[in-house]
Amino acid sequence: MLRINDIIDKAQTYLPPEDLEMIEKAYIYSASVHQGQVRLSGEPYLTHPMEVAGILTDMKMDTATIISGLLHDTIEDTLTTAEQLEKEFGKDVAFLVEGLTKLSRISFGSQEERQSENFRKMILAMSADIRILLVRLADRIHNMRTLQYHQKDKRLYIARETIDIYAPLANRLGINSMRMELEDLSFQYIAPDAYETLSAQIAKSKEARNRYTEEVKSIIFNELEKYSIKCKVEGRAKHLYSIYKKMHEQHIDFDEVYDLIAFRVILDSDKEKTCYEVLSMVHALWKPVPGRFKDYIAMPKANHYQSLHTTVIGPYGERVEIQIRTKAMHEWAEKGIAAHWRYKEGRAHKDDEENQIKKLREVLEIQQDIKNPKEFMSDLKLALFPEEVYVFTPQGDVKSFPKGATPIDFAYSIHTDVGNQCIGAKINRSIVPLRYKLQNGDRVEIITQAGHHPSKDWLKNVVTTRAISKIRNWINLEEKKSSMALGRDVLEKEFKRHHLKFNNYIKSEEIKKVLTELSINQLDDLISQVGLGRISPKRVVNYFLAGEEAEVAEPVKEKLKKKKPASPSMGVSLIGIDDIDDIMVNFAKCCNPIPGDEISGYISRGRGVIVHTNKCPYIKKMDAERIVNVQWNAREEHTYPVGIKVVCDDVKGVLTEVSSIISSFDVNISYAQVETINLIATCNFVIDISNLQQLNQILSAIRQLKFVKSVEWLHHF
């Protein structure tokens, strides 16, 4: 078992003494809160955080990261809170452990290849600080090293998750040593027979391979020494999984894998041109294999890996792969972003690098002058995918959405019908409003109801093109249906007024001429345009009135004919448009008509008939062609919201007394507010009344109160 002294001994080589004291304090704290807990192996649970901290110390991570390794399971597995961690170890540690806790709660229900990249992006997006990922990877490495204690099914699941999700994450961050270990540990459980066979084949040739390795290393080193080039030459077998992948992808046997050993020339010099000089020397020693040279210095990999790769026909006719790189390049290749603080690179990233890695590189370049690992790592926030969120479906699949997406966007991503019938959503099993903004890691479940339909207001709460398009399509279709019904009713009425039957003309040659002249393709479009108020019904009828010229719009005063008001004592809910029924009707907010008011209707664009009072100043400015006769329909009871303002002396109980007067008329108060300035109180109410007479009675009763100075009916509120 790793001891705290082992971690301290490694850490003291690059961290100050005060930081070592904090690491020791974190060890004591972790031992205390995990006391009594054991792993599947039977070992004390503390062995796990200790091993994770040890891996991070080997990577020369900063103090907060090592402490987070020691405490990474405390919030999830003990009674420890983030507030306690912040008090004991500071905001940085609390932030990292909280981030790790969120990641640990992600359940990877689907492991299909198409989902793997989304899972990796989700982890990246949820990791606000790069150190969260590094601790997570160290945690996974130790869990993989002790995977044998799990049940077989669990072992296979974790191994598959590791090779699909975590090994590529390590590769994306350029941490090659972690990637190789994770791949080999996973390979052992995913394909145990192939692993054992390959291990045996490599072990069988180990002695001869070691002799060959030393011979090649010696030849390369001696050749470079002639030219005073200081370097280190390494030679080791490629890791098992890479050999297995090559055999599987190229459909070859083990005996056909020629480049089992990879040689590396690691130069002391940081000059790139020296790498190319060494390449020419190697090619002078041995003949290069055509098509096997790769220049990752001029064209780095997406994770900024840099090196020259060449394959040559070495001693005894064996193919030999040789990699040539500087010490800084090698450090990046092995430890990636975790080691970057130790070097200046002095070169800009390539324009064609992978976009996400480019963002990381931009952050790195800002930090390239910082020599202190603590400063570098604490400032290094992860800037990947800021404009995307990743959420789970109930089945465990991951979906990606733009930042600001809501459950409505999610619903339409599943199916149009699911979107149209969406009435609510559950996020992580809790009901949320449809305007809720999705967060990384949310598990989203949509609640639907047959017959439900979208609302125009939804357009304010969606960001995806699909959702916007589907909602608009539904609204346009519904508006067309409504405008068709209204247009047909208005046309039939206008034709009837001139003693013509509309149905007799809809298939005539004359109607085709009308469509042509108005540049309209179909009769339905003509009817819809009339319903939307874009074409006057009078204009259409005029085409069929022989001997008459097209009429112009009548003056407004001729259209605003006064109608006999309905009995004020009778409540009403519908508006009649002469003898036409079932037409979309809305009441104007500018004048808020109520039964008893003299009213007129205005054919709007897409909202049916808008009812105004005859005294409304706005209707007098509107197109007379689109004004129609309307009247109150006293067939059933209905209430209407009305705003009133009461100005009175600021005395005790003023709101209660005025409210009592209103309630005595069996009227509901839906809104009440009082503002007081200089001993004068202004009370604003919205009340639901049945008709004008009832309103007048209420206003009259309020005026009788001694402290009331004025009462006003608010036509616009």
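Reader: Which residues of helix α2 are buried in this predicted model?

Author: The model is predicted. Helix α2 covers residues 17–33. Its buried residues are D19, L20, I23, A26, Y29 and S30.

Reader: What distance does α2 reach from its first C-alpha to its last, and what is expected at 1.5 Å a residue?

Author: Helix α2 has 17 residues. At 1.5 Å a residue, a reach of 24 Å is expected. The reach in the model is close to that, at 25 Å.

Reader: How many of the residues of α4 are buried?

Author: Helix α4 runs over residues 63–71. Its buried residues are T63, A64, T65, I66, I67, S68, G69, L70 and L71. The helix is therefore largely enclosed by the rest of the structure, the count of buried residues being nine of the nine.

Reader: At what angle do α4 and α7 pack, and are they parallel or oblique to each other?

Author: Helix α7 spans residues 91–104, and its axis lies 9 Å from that of α4. The two helices pack at an angle of about 50°. That angle falls outside both the range under 35 degrees and the range of 65 to 115, so α4 and α7 are oblique.

Reader: Which residues of α7 meet α4, and is the crossing left-handed or right-handed?

Author: On the α4 side, A64, T65, I67, S68 and L71 take part. Their counterparts in α7 are D92, V93, L96, V97 and L100. The crossing of the two helices is right-handed.

Reader: How far apart are the axes of α9 and α10, and which residues of α10 make the contact?

Author: Helix α9 (residues 130–145) packs against helix α10 (residues 152–172) at an angle of about 145°, with the axes 11 Å apart. The crossing is left-handed. From α9 the contact uses R136, L137, R140 and M144. From α10 it uses I158, A159, E161, T162, Y166 and A170.

Reader: Is I220 buried or exposed, and what does it touch?

Author: I220 belongs to helix α13, residues 206–226. Its relative accessible area is 1%, and buried means under 20%, so I220 is buried. Not counting residues up to four places away in sequence, I220 touches V233, V265, W286 and I322.

Reader: What separates the C-alpha atoms of I220 and K232?

Author: Along the chain, I220 and K232 are twelve residues apart. In space, their C-alpha atoms are separated by 9.9 Å.

Reader: Is K496 buried or exposed?

Author: K496 is part of helix α21, residues 465–497. The C-alpha atoms of K496 and V541 are separated by 9.9 Å, and the two residues are 45 apart along the chain. The relative accessible area of K496 is 60% and the cut-off is over 50%, so K496 is exposed.

Reader: Where is H612, and which residues is it in contact with?

Author: H612 is placed in strand β15, residues 609–613. It counts as buried, at 3% relative accessibility. Leaving aside neighbours within four places in sequence, H612 is in contact with A588, C590, C591, P593, E598, I599, S600, Y602, I619 and M622.

Reader: How many helices and strands are in the protein chain, and what share of its residues count as buried?

Author: The protein chain holds 28 helices and 21 strands. It exposes about 36100 Å², of which carbon and sulfur atoms supply 49%. Of its 717 residues, the share that count as buried is 50%.

How values were computed: Residues numbered from 1 in each chain as written. Predicted model: local features only at pLDDT ≥ 70, side-chain atom pairs only at ≥ 80, totals over all residues. Heavy atoms only, no water. Helix = DSSP H or I, 4+ residues; strand = E, 2+ residues; numbered from the N terminus. Buried < 20%, exposed > 50% of the residue type's maximum accessible area, 1.4 Å probe, protein only. Areas by Shrake-Rupley, 256 points an atom, 1.4 Å probe, with all protein chains shown as cover. Expected span 1.5 Å × (residues − 1). Axes fitted to C-alpha atoms, helices over the stretch in contact; angles between N-to-C directions. Parallel < 35°, antiparallel > 145°, perpendicular 65-115°, else oblique. Left-handed = near helix turned anticlockwise from the far one by under 90°. Contact = heavy atoms within 4.5 Å.
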